[in-house]
Amino acid sequence: AWGFARVLRLEHPALGTQSLDMSRGARVASSALLGPSTEAEAACSGSVRLAARLRACFMSSPSSRTLARGVYAITGGLGGLGLRAATLLVVGGATGVVLSSRSGRVGREGVATPLGSVVRLLASDVGDAADALSLLSPTPLVGVLHAAGVLRDKMLISMTADDVDGVFGPKALAASHVDSALAPCPLEAMGLFSSVAS
């Protein structure tokens, strides 16, 4: 939903669209929530309204970033983002990568050479709850990256309900299916890719 709000702000700035993330314990008065604000996106925690701010963050060294060794699954794994993520995982020490794809076909990018034999292809539509269970392979997973998605370029105001369903199915609904299917697994990480287009 935040992605849609961002697109709406870009396409129709006169609407003054704002996004607000409220925790269950948020106690900010409705007038404070809905009143004028220069913040396009904010979150409420308790009685405090928070806004995103960038700050400098320095890592001691690239080698200080550690990746849990084991097998990772990538939904939408045969797209450009999935293949790039797979390469980074293998280079970072993953012992295996499962590339899940609705089509099961490798696109024009091909599977990069550094991936080698640690990669397994899986034809699976995680937009379907039963298919999402196929990620539970005999090898326990340590992480999953949900990069599946459908590109449907249109101005937000001209999108139909079918357009929205077509985009949300493989992205948001599928993320819910993956989360439910892998709930019993002690994952080290679960990453959700947003839409690059938005």
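The exercises below work through the sheets, a nonpolar core and one buried histidine of a predicted model.

Residues are numbered from 1 along each chain as its sequence is written, and side-chain values use heavy atoms, with hydrogens and water left out. Because the model is predicted, local features need pLDDT of at least 70 and side-chain atom pairs count only at pLDDT 80 or more, while totals for chains, interfaces and linings use all residues.

**Exercise 1.** Determine the strand order of the five-stranded sheet and state which strands stand at its edges.

Solution. Strands (E, at least two residues) and helices (H or I, at least four) are DSSP runs numbered from the N terminus, and two strands pair if DSSP finds at least two bridges between them. On this basis the order is β6-β5-β4-β7-β8, in an open sheet with parallel pairing. β6 (119-123) and β8 (189-192) each have a single partner strand, so one side of each is left without a neighbour in the sheet. Within the sheet, β4 and β7 are joined by five bridges in the parallel sense, and Tyr72 stands opposite Gly143 in β7.

**Exercise 2.** Find the residues of the largest nonpolar core that touch the most other members, and the elements that give two or more residues to this core.

Solution. A nonpolar core is a set of buried Ala, Val, Leu, Ile, Met, Phe, Trp, Tyr and Cys residues joined through side-chain atoms within 4.5 Å, where buried means under 20% relative accessible area, exposed over 50% and partly exposed in between (1.4 Å probe, protein chains only). The core has 15 residues, of which Ile74, Leu89, Val97 and Leu99 touch the most other members. Two or more residues come from each of β4 (71-75), α3 (80-91), β5 (96-101) and β7 (141-146), and α3 gives the most, with five residues. Apart from this core lies another, of 13 residues, including Ala73 and Val144.

**Exercise 3.** Establish whether His146 is buried or exposed, and identify the backbone oxygen that approaches its side chain.

Solution. His146 lies in strand β7 and counts as buried because its relative accessibility is 1%. A polar atom of its side chain lies 2.9 Å from the backbone oxygen of Lys171. Contact means heavy atoms within 4.5 Å; leaving aside neighbours within four places in sequence, the residues in contact with His146 include Thr75, Val126, Pro170, Lys171 and Phe193. Helix α5 (residues 161-181) lies across β4, β7 and β8 and runs at about 165 degrees to β7, with axes fitted to C-alpha atoms, for helices over the stretch in contact, and angles running from 0 to 180 degrees between N-to-C directions.

Conventions: Polar contact = N/O pair within 3.5 Å; in protein donor to acceptor, adjacent residues only side chain to side chain.
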